[in-house]
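Here are my notes on the model you sent over, set out as numbered points. Please keep the structure open beside them while you read.

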Amino acid sequence: MNIPVEPVFFGIKINIHLITEYLSFFFAFRYYVFLRKKTDDHISGGNRLSIILGAIIGSFLGSRLFGFLENPVINFSSESFIYLLNVKTIMGGLFGGLIGVETAKKIIGEEQSSGDLFTLPIIVGIFIGRIGCFLSGTNEFTYGSETRFFTGVNLGDGVLRHPIALYELVFLLILFFVIRHLKAKNKLKNGELFIIFMLTYFGFRFNIEFIKPNLFFILGLSSIQWLCIICWIYYWKIIVKFFEHAYQKVHLL
């Protein structure tokens, strides 16, 4: 198989990444609907719709903003304007969606945590999207730096690179089953599954950025890494409580 994969149907070149993006939204939403039918959801249908709307708006704005901040040094023109409308990153989408959800909940007066029901569908959606990233090769800025490591793959430019998308697929697969196992044990408080997902996924992405050929840095870190730090600060109190609880358990042994 040659990468990037660029199938042609009836003389039209198909954007494989765009196709997998649509599939990711479709299957993630269908999985969410399936889980909600099986779950005793304490949030009303109307409030759920408001929360989803907040997530969509926040994700759209966040994904575009941080997609631009990955490489903000561009020449402004009609072509670059179209580029800005299309550039996006899942990291900005996740954090923007989080802010959008919390804003929507404050507006409608919903106090219960709403993230757990979205956690597994989000992982499924990202997983499908990352397949498209890998198949797109160097056409999408989701490839790694040059490497001599045995995992190096020619992603279309004749250079062996870290297949970051494949690394992430393996990570997401493991994370999916860990989250599902924790959910089945039913010992966590409402909202904690989503927090575990956010902290672990943002932690993974912080580290994977070191083997990505980023061009723009602030104090030695990429914009995505700074977003990861912002996410950890957002959950700082929860992180502190976790380590305090872990310390108490170790101290009692």
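1. A word on burial before anything else: buried means under 20% relative accessible area, exposed means over 50%, and partly exposed lies in between, with a 1.4 Å probe and protein chains only. The areas themselves come from the Shrake-Rupley method, where for residues only the protein chains shown count as cover. By that cut-off Lys105 is buried, with a relative accessible area of 8%.

2. Some ground rules for reading the rest. This is a predicted model, in which local features need pLDDT of at least 70 and side-chain atom pairs count only at pLDDT 80 or more, while totals for chains, interfaces and linings use all residues. Residues are numbered from 1 along each chain as its sequence is written, and side-chain values use heavy atoms, leaving out hydrogens and water.

3. Back to Lys105 and its partner. Lys105 makes a salt bridge with Glu102, with 3.8 Å between the closest N and O atoms; the term means a side-chain nitrogen of Lys or Arg within 4 Å of a carboxyl oxygen of Asp or Glu. Glu102 is partly exposed, at 28% relative accessible area. The two residues are three apart in helix H4 (residues 90–108), which separates them by about one helical turn. Helices here are DSSP runs of H or I with at least four residues, strands are runs of E with at least two, and both are numbered from the N terminus. An α-helix has 3.6 residues a turn, so residues three or four places apart point the same way.

4. How many salt bridges does a search of the whole structure find? The count is five. One of them joins Arg161 to Asp157, with the closest N and O atoms 2.8 Å apart. Arg161 is buried at 12% relative accessible area, whereas Asp157 is partly exposed at 33%.

5. The pair Arg205 and Glu209 also deserves a look. Their closest N and O atoms are 3.6 Å apart in a salt bridge. Arg205 is buried, with a relative accessible area of 4%, and Glu209 is buried too, at 3%. Through shared partners, salt bridges link Arg205, Glu209 and Lys212 into one network.

6. Arg130, in helix H5, is another buried arginine, with 11% relative accessible area. Setting aside neighbours within four places in sequence, its contacts (heavy atoms within 4.5 Å) include Arg205, Tyr201, Thr142 and Ile90. Arg130 also touches Ala165, Glu168, Leu169 and Leu172, and these four are among the buried residues of H6.

7. That brings us to H6 itself. Helix H6 (residues 164–185) has 22 residues and should span 32 Å at 1.5 Å a residue, and its end C-alpha atoms are indeed 32 Å apart. The expected span is 1.5 Å times one less than the number of residues. Its buried residues are Ile164, Ala165, Glu168, Leu169, Leu172, Leu175, Phe176 and Ile179. They cover an arc of only 135 degrees around the axis, so they sit on the same side of H6; the arc is taken from the directions from the helix axis to the C-beta atoms. Their cover includes H1, helix H5 (116–136) and helix H7 (192–208). On the face turned away from the buried side are the exposed residues Val170, Ile174 and Ala184.

8. Just beyond the helix, Asn186 follows H6 and has a positive phi, near 55 degrees. Gly191 lies in the loop between H6 and H7 and is buried, at 8% relative accessibility. Where does the chain bring Gly191 and Asp116 in space? Their C-alpha atoms are 5.3 Å apart, although 75 residues separate them in sequence. Not counting residues up to four places away, Gly191 touches Ser113 and Asp116.

9. Finally, the surface. Leu18, Ile19, Tyr22, Leu23, Phe25, Phe26 and Phe27 form a nonpolar patch with about 720 Å² of accessible area together. Patches are made of residues with over 30% relative accessible area and no salt bridge, joining like charges within 9 Å and nonpolar side chains (Val, Leu, Ile, Met, Phe, Trp, Tyr) within 5 Å. Phe25 belongs to helix H1 (residues 16–38) and counts as exposed at 58% relative accessibility.

How values were computed:
Accessible areas come from the Shrake-Rupley method with a 1.4 Å probe; for residues, only the protein chains shown count as cover.
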